Every structure is written in structure tokens, then in C-alpha cells.
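Here is a friendly walk through one protein model, with an eye on its annotated sites, its packing and its backbone. Keep the structure open beside the text as you read.

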Amino acid sequence: MRILGIDPGFALVGWGVIEFHSSSISLIDYGVLSTDKSLEHSDRLLEIFKDMRSLLEDFNPDCVGIETLLFHRNITTAMGVSEARGVILMAARLRDKIRIQEVTPLQVKNSVSGYGRATKKQMQENVRIICGLDAVPEPDDAADAIAVAICAHDLISSSQLS
């Protein structure tokens with residue numbers, strides 16, 4: 001199963017592609033989609049949509065794992081990220097036969113570290129270990145997206161067992 005993990009954002013969208021074969025995991029690629037701050041808001045959303053469609057075409061995942069939002073402070077940031085998340089979901093939904101697995105930050109932390117209050121550094125180090133990498137993936141948004149893909153796989157696997 002090939003999973004495209006997404007850490008949604010407005011300025012940066014983290015992404016990571018992982019392939020699972022029975023008990024082995026392969027990190028295919030990762031990175032970030034970025035939008036130009038000088039563009040109009042709607043044009044930035046369109047840029048995210050087009051870039052997301054390109055990722056889906058390039059990697060042809062079976063599933064898109066996407067993190068839900070958890071904001072406590074800045075409502076303006078939350079709105080922009082929510083809109084970006086919406087266009088990401090739309091791009092995925094427009095693909096035939098693709099599963100969308102939404103995951104919460106708590107689920108990601110539990111899946112990757114076994115502890116719901118793991119720090120960002122602990123999460124990144126666990127992603128490095130799980131994927132057998134020499135260094136933590138950078139930037140942070142990409143490492144977070146890889147963690148989302150791992151969590152999505154875990155949730156799908158556990159739902160298939162029950």
C-alpha cells in the first residue's frame with residue numbers, strides 16, 4: 001500500500017510518500033509545497049490544489065493521510081490552513097479509488113512514538129528510526145507528513161483486523 005501523508009498548511013504543506021509491503025516500510029520521497037506570499041489568497045489556494053494534483057499524479061497513492069487541525073491561538077492562521085486543507089481534500093477526492101484517512105495529532109503521536117504527549121523532536125527522531133534514515137527528514141513539515149502517513153497506515157491496518 002502506498003500512502004501520501006499530508007501535513008496541511010497555507011504557506012507550507014508537508015508531504016511524504018511511504019510504501020508498505022507486509023512488514024517492511026519504504027520511504028519513497030518527501031518535501032513541501034510552498035505558496036508565494038505575494039499572491040492573492042485565492043491564487044495561493046489554487047497553487048496548493050494544482051501542486052497536490054501533481055503529487056497525486058506523480059506518486060499514484062492508494063491512500064492520502066491528512067492531519068486534522070488543532071489550533072488554540074490564532075484564528076486567522078486556522079482559517080487559512082482550514083481552507084488549504086479543503087482544497088487538498090478536494091484534490092484527493094477527485095481521484096478515483098483513493099482512500100482518504102484523516103488522523104488527529106494525538107493519533108499521530110501515539111502511532112509514531114507510543115506517547116500522546118511526545119515532543120516534535122521525539123516524533124522526528126522516531127520517523128527517522130522507523131524509516132531507517134541517517135538523519136531526520138527536513139523541513140519539519142515533511143517529517144510531520146511522513147508521521148501522518150505512518151499513522152494512516154496503522155489506522156487502516158487496525159481497522160482491517162477488526
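## Loops and backbone turns

Lys 97 sits in the loop between helix H2 and strand S5 (99-103). Do keep in mind that this is a predicted model. The phi of Lys 97 is positive, about 55°, although the residue is not a glycine. Its relative accessible area of 84% makes Lys 97 exposed.

Ser 22 makes a good companion to look at next. It belongs to the loop between S2 and strand S3 (24-34), and its phi, near 40°, is again a positive value in a residue other than glycine. With a relative accessible area of 81%, Ser 22 is exposed. These angles deserve a glance because most residues other than glycine have a negative phi.

A glycine joins the list just after helix H3, where Gly 114 takes a positive phi of about 80°.

The backbone also holds a cis peptide bond, which runs from Glu 138 to Pro 139 and has omega near 0°. Pro 139 is placed in the loop between helix H4 (120-131) and H5. For context, most peptide bonds are trans.

## The annotated acids

Which residues does UniProt list under "active site"? The unreviewed entry names Asp 7, Glu 67 and Asp 141. They span 135 residues in sequence, yet no two of their C-alpha atoms are more than 11.5 Å apart, so they gather at one spot. From this set, Asp 7 and Glu 67 belong to the lining of the largest pocket.

The "binding site" annotation, also from the unreviewed entry, covers Asp 7 and Asp 141. Their C-alpha atoms are not more than 6.3 Å apart despite a span of 135 residues in sequence, so this pair gathers at one spot.

The table sets out where each acid lies and how accessible it is.

| Residue | Element | Relative accessibility | Class |
|---|---|---|---|
| Asp 7 | strand S1 (residues 2-7) | 9% | buried |
| Glu 67 | strand S4 | 14% | buried |
| Asp 141 | helix H5 (residues 140-161) | 21% | partly exposed |

Why does Asp 141 count as partly exposed? Buried means under 20% relative accessible area, and Asp 141 has 21%.

The contacts tie the site together. Leaving aside residues up to four places away in sequence, Asp 7 touches Leu 12, Val 13, Gly 14, Glu 67, Asp 141, Asp 144 and Ala 145. With the same kind of neighbours left out, Asp 141 is in contact with Asp 7, Leu 12, Gly 14, Trp 15 and Val 32. Glu 67 has contacts beyond its sequence neighbours that include Ile 6, Asp 7, Arg 85, Pro 105, Val 108 and Val 148.

## Strand S4 and its partners

Glu 67 leads us on to the rest of its strand, S4. How many residues of S4 are buried? Five of its five are, which leaves the strand mostly covered. Cys 63, Gly 65 and Glu 67 point one way from S4, while Val 64 and Ile 66 point the other way. That pattern fits a general rule: in a regular strand the side chains alternate between the two faces of the sheet.

S4 pairs with S1 in the parallel sense over four bridges, and Ile 6 stands opposite Ile 66 in S4. S4 also runs parallel to S5, to which five bridges join it. There, Gly 65 has Gln 101 in S5 as its bridge partner.

## Packing

The largest nonpolar core has 22 residues, and those with the most contacts inside it are Leu 4, Ile 6, Trp 15, Met 52 and Val 64. S1, strand S2 (12-21), helix H1 (41-59), strand S4 (63-67) and helix H2 (75-93) each supply at least two residues of this core. Which element gives the most? That is H1, with seven residues.

Leu 4 shows how these parts meet: its contacts beyond four places in sequence include Trp 15, Val 17, Met 52, Leu 55, Leu 56 and Val 64. Apart from this core lies another, of 19 residues, with Ala 118, Val 148, Ala 149 and Ala 152 among them.

Finally, helix H3 (residues 105-113) has Pro 105, Val 108 and Val 112 buried. These residues cover an arc of only 60° around the axis, which puts them on the same side of H3. Two of the H3 residues, Pro 105 and Val 108, are among the contacts of Glu 67.

Conventions:
Residues numbered from 1 in each chain as written. Predicted model: local features only at pLDDT ≥ 70, side-chain atom pairs only at ≥ 80, totals over all residues. Heavy atoms only, no water. Buried < 20%, exposed > 50% of the residue type's maximum accessible area, 1.4 Å probe, protein only. Arc of directions from axis to C-beta. UniProt positions renumbered as here; feature names shortened; annotations may be inferred. Contact = heavy atoms within 4.5 Å. Core = buried A, V, L, I, M, F, W, Y, C linked by side-chain atoms within 4.5 Å. Pairing = 2+ DSSP bridges. 1 Å grid on protein atoms, 1.4 Å probe; cavity = no way out; pocket = protein on both sides within 12 Å on 5 of 7 lines; lining within 4 Å.
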